[in-house]
Every structure is written in C-alpha cells, then in structure tokens.
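Visitor: I would like a close look at the aromatic pairs in this protein. Please take me through them, and then through the parts of the chain around them.

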Amino acid sequence: MPVPTSVSTRNVRSTRGKGVGLGLALLSAVAFGGSGVAAKPLIEAGLDPLHVVWLRVAGAALVMLPLAVRHRGLLRSHPALLAGFGLFAVAGVQAFYFAAISRIPVGVALLVEYLAPALVLGWVRFVQRRPVTRAAAVGVVLAVGGLACVVEVWSGLGFDVVGLLLALGAACCQVGYFVLSDQGSDHGDRAPDPLGVIAYGLLVGAAVLTVVARPWSMDWSVLTGSARMDGTPVAAFVLLAWIVLVATVAAYGTGVLSVRRLSPQVAGVVACLEAVIATVLAWVLLGEHLSAPQIIGGAVVLAGAFIAQSSAPARSPDRPVVIGGAEKGVVHTGNADLGC
C-alpha cells in the first residue's frame, strides 16, 4: 500500500475542510432563513420590526457575553475588526434592510441585498487582487437570477431611489460580513477567535441599534402573550428564543466558521439559499404557498451554489497574489487557493 505523501495529506485535509465549511454554510443559511418565519408573527402581534431586530441582537449579545469576557484580549489586538463587524455585519445589514422594506417591496429589497455575492467577487478580485474562478462567477449569476424568481421581483418593482439605495447599503454591509469573517483566516493559530469576534460584534451592534430602535418605546406586553403562526397560537417568548438562539447566535457562529473554511465569495453564494429556505419555511409554517417560478428559482439558486462551492481554485502562476489586502503584505506565488 502506498504511503500518502504530504501533498496528498494536505489535499485530503483541504477537501475535508471544504466539506465541513459547506455544511456549516448550509446550517447558517437554515438558521438565518428561519428568522423571518419567527419574526413575522411577533410583528403581526404588535411589535415594530426594528424592535424585533433590537431584541434579536441584544438577546444574542447577552448570550454571548461570557465569550466576550473570555476573549477580551481581542479588544487590544483587533479593535477595528470588532467595531467593523458590529457596525456592518450586525447593525448595518439589519438597519438598512428594514429601512429599505419600508419604502420598496420586500422582494426587491431582498434581491438587491443578495447582490452581495457579486460584490464580494468584485472585492476579492479588484481590492484584494486575488484570482476568482469562472465557475464561482457563473454560480453567482445563477444564484442571483434564481433569487429573482424566488422573490418574484416582477410582482412589485418600484423606482424609489432612496429605497433602492438603502437596500444596496444592506448588500454592502453583507459584503462586510463575509469579508470581515475571513480576516485572519490565513494566520493559523494566531487568527482571531471567530466566536470572540461574533460576541463583540453583537455587543457593538446592540449598542448601535439601541440608538436606532429606541426600545424604551416598545410594547413589552406583547412578549408575555402569544402570537399566531398560520392560525396556531405560539408563545411569544418561544419565538423570541428561536430568533435569538438559532437565527442569530447559531447562524452567525456557523456562518463565520464557514467563511473561514471556504472563502467569502463561495460562502456568499451558498448564503443565497437563505432566501430559498425562508420561502419554504414560510410555505410550511405560515401557509404562504410557493408559485411555480419560485420553485424553479429555488432549483437555480441550488445549482448556482453547488457550482460555486465545487469549483477548483484559479491558477495564477505568473504573478504574486496578495492575500487579505495590501495592508497584510502576505504574498504567495503560484497556485492561489481561495479556500480558507
């Protein structure tokens, strides 16, 4: 029996790491996708959407507080990363998205927000100057096109410039989520702990959203009653617990870990499944039925995500590739692996 070489061992580990990363990305998409199904009954019961967002982020920050204390060294070593993650990946995405849907249809806002994978490709290619594969680009195009069918963007197009700009702001903040989640992934054991980054990001996000949402004006009595999910009464605190523990803590945790093992652009395409999952869950739990174009669009999104994640790294044998941006100054030559 031949003895595995160091190269083959690294390839096996890389394949396993990619498989684990894909699984984590799918779990993150499922967790994020379930947030709307749990939040909608609370909103219909009388809570303002921004108040639901504040409860979500503040509750998750409280759950993650022990990890923040444990990784308090990050405050000295990576203050900019923590501030950026809280501002963009947590508070920015939520605030811009909810502001956008107050002016334009939800489907349009969701489609614009999920242009983020294409924007991530642009960031990686033109800012970090790292090669991207044609397959990853094709996957993005398929995923965005399929997403247009899932959200049925043709059912309510509007030309509110401010609303579209707010949705684009949500997309840019989502790019920040994927890019910041990837920071330090090439530092090995010296990489900032992802759970610590999430914990402090949630604390920063909660502080920002407190100013925006003004929770002191919230109708707290809603949380002591019940909300209706497709006619079935469900305790409001159960829905809130799902939003906090699953749709936020678990979703961000698995999402950041998946970016570390895949790459921002691949994880971004897989994240498009969130819209598909959210639509299916709404169908099953809220009675919001899928149309034929939505089903076809979901299949296209799945195809795009699969093509992107299964693509091989692009080769760049003739010139060095800067990993992580010019500020890191880490240069590799030869075959540049986009996986983390």
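Guide: What follows starts with the whole chain, moves to the aromatic pairs and ends with the elements around them. The model is predicted.

The protein chain has 340 residues, and 49% of them are buried. Its secondary structure comes to 14 helices and four strands. Take the contacts between residues at least 6 apart in sequence: 84% of these join residues at least 24 apart.

Now the aromatic rings. There are six aromatic pairs in the structure. One of them is W54 with W220: the ring centres are 6.2 Å apart and the planes stand at 90 degrees, so this pair is edge-to-face. The cut-off for that label is an angle over 60 degrees. W54 belongs to helix α2, residues 49-63, while W220 sits in the loop between α10 (194-213) and β1. The two are 166 residues apart, so the pair links distant parts of the chain. Are the two partners buried or exposed? W54 counts as buried because its relative accessibility is 15%, and the limit for buried is under 20%. W220 has 42% and therefore counts as partly exposed.

A second example is F85 with Y177. These ring centres are also 6.2 Å apart, but the planes meet at 50 degrees, so the pair is tilted. F85 is in helix α5 and Y177 is in helix α9, residues 161-181. The pair thus ties together parts that lie 92 residues apart in sequence. Both F85 and Y177 are buried. They also belong to one aromatic cluster, together with F32 and Y252.

Stay with α5 for a moment. Helix α5 covers residues 79-101, which is 23 residues. From first C-alpha to last, α5 reaches 32 Å, close to the expected 33 Å. Where is the kink in α5 centred? It is centred on G92, and the bend is about 45 degrees.

Next, go from F32 of the cluster to S35. The side chain of S35 reaches the backbone oxygen of F32 at 2.7 Å. S35 is placed in helix α1, residues 6-44. In an α-helix there are 3.6 residues a turn, so residues three or four places apart point the same way. S35 counts as buried because its relative accessibility is 12%. Which residues does S35 contact, leaving aside neighbours within four places in sequence? They are R56, I243 and A247.

Last, the region around the loop that holds W220. R214 is also in the loop between α10 and β1. R214 has a positive phi of about 50 degrees, although it is not a glycine. Beyond this loop comes the hairpin of β1 and β2. Strand β1 (residues 226-229) pairs with strand β2 (residues 232-235) in the antiparallel sense, over four bridges. M229 stands opposite T232 in β2. Two residues lie between the strands of this hairpin. D230 is in the loop between β1 and β2. Its phi is near 55 degrees, a positive value in a residue other than glycine. D230 is partly exposed, with a relative accessible area of 49%.

Notes. Residues are numbered from 1 along each chain as its sequence is written. This is a predicted model: local features need pLDDT of at least 70, side-chain atom pairs count only at pLDDT 80 or more; totals for chains, interfaces and linings use all residues. Side-chain values use heavy atoms; hydrogens and water are left out. Buried means under 20% relative accessible area, exposed over 50%, partly exposed in between (1.4 Å probe, protein chains only). A polar contact is a pair of N or O atoms within 3.5 Å; within protein, one must be able to donate a hydrogen and the other to accept it, and residues adjacent in sequence count only if both atoms are side-chain atoms. Contact means heavy atoms within 4.5 Å. Two strands pair if DSSP finds at least two bridges between them. The expected span of a helix is 1.5 Å times one less than its number of residues. The bend at a residue is the angle between axes fitted to the seven residues ending there and the seven starting there. Rings of Phe, Tyr and Trp (its six-membered ring) pair if their centres lie within 6.5 Å; planes under 30 degrees apart count as stacked, over 60 as edge-to-face and the rest as tilted.
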